[in-house]
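I opened this model to go through its metal sites, and then to look at what is packed elsewhere in the chain. My entries follow in the order in which I looked things up.

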Amino acid sequence: MPAPAAQPDEADRFWAKVDKTGSCWIWTAAKARGNYGSFHSSGRKGRTHRAHRYAYELLVGPIPAGLYLDHLCHNEDPACPGGDNCPHRRCVNPAHLEAVTPRENSLRGVASAALNARKTHCDKGHEFTPENTHHIKPSKSQPNGARRCRACRRETQARWKARQAIT
Ligand SMILES: [Zn+2]
Ligand SMILES: [Zn+2]
Ligand SMILES: [Zn+2]
């Protein structure tokens, strides 16, 4: 094992805040802007870290200067709402993280947006007709905007209402 940058007790303190019960290791403590996990290291060099970057450096090694960590689990989940509601941002499992250049990172975003734009039906098989399509405004994380299926949204709301009625 190469010596990690952090003190051993510091690493223990970090992992105590992580829920490893699922495939994604979810950061359960403080969150930074954009809902990324945030970890404050103590000691003389104490500072605030993005939790997923800290986990990667603990288990894999230093992130080369200028590289971003891409969440592979996010890329593989077409149902993720993205943006600040993306649960994958709090995932600190290094197996789900890949160091990429900013260029690769934005190309991947564009590629998945293009792929989604070509789909004629949602994952449940409802057609993206003009009436059934809810358009989401472009944002920083989704520069091309996104589409949501209205039929799916109605079904989710109906299920939710039914559950409320039971309890
Ligand atoms: Zn993950
Ligand atoms: Zn996500
Ligand atoms: Zn649908």
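**Zinc sites and core**

I began with the zinc ion (ligand 3), whose site is tetrahedral, with angles of 106 to 115° among its four donor atoms; four donors count as tetrahedral if all angles lie between 85 and 135 degrees. I note that this is a predicted model, in which local features need pLDDT of at least 70 and side-chain atom pairs count only at pLDDT 80 or more, while totals for chains, interfaces and linings use all residues. Residues are numbered from 1 along each chain as its sequence is written, chains are lettered from A and ligands numbered from 1 in the order in which they are written, and side-chain values use heavy atoms, with hydrogens and water left out.

Which protein atoms hold the zinc ion (ligand 3)? I found Cys-122 (SG), His-126 (ND1), Cys-149 (SG) and Cys-152 (SG) as its protein donors, 2.0 to 2.3 Å from the ion; donors are N, O and S atoms within 2.8 Å of the metal (3.2 Å for Na, K and Ca), and since water is not among the atoms, sites may look incomplete. The spacing of these donor residues in sequence reads C-x3-H-x22-C-x2-C. Cys-122, in the loop between helix 4 (102–118) and strand 7 (133–136), and Cys-152, in helix 5 (residues 150–166), are 30 residues apart, and the pair links distant parts of the chain; helices (H or I, at least four residues) and strands (E, at least two) are DSSP runs, numbered from the N terminus. I recorded both Cys-122 and Cys-152 as buried, meaning under 20% relative accessible area (1.4 Å probe, protein chains only).

I turned next to the zinc ion (ligand 2), where His-74 (ND1), Cys-80 (SG), Cys-86 (SG) and His-88 (ND1) are the protein donors, at 2.0 to 2.3 Å. This arrangement is tetrahedral because the four donor atoms subtend angles of 101 to 118°. Cys-80 counts as buried because its relative accessible area is 8%, and Cys-86 is buried because its relative accessibility is 4%.

I then checked His-71, which lies in strand 5 (residues 68–71) and is buried, with a relative accessible area of 7%. Leaving aside neighbours within four places in sequence, its contacts (heavy atoms within 4.5 Å) include His-88, itself a donor to the zinc ion (ligand 2).

Lastly I looked at the largest nonpolar core, which has 12 residues, among them Phe-14, Trp-27, Ala-51 and Val-92; such a core is a set of buried Ala, Val, Leu, Ile, Met, Phe, Trp, Tyr and Cys residues joined through side-chain atoms within 4.5 Å. Helix 2 gives the most to this core, with four residues.

Key
Tetrahedral: all angles 85-135°; square planar, octahedral: opposite > 155°, others 65-115°. Buried < 20%, exposed > 50% of the residue type's maximum accessible area, 1.4 Å probe, protein only.
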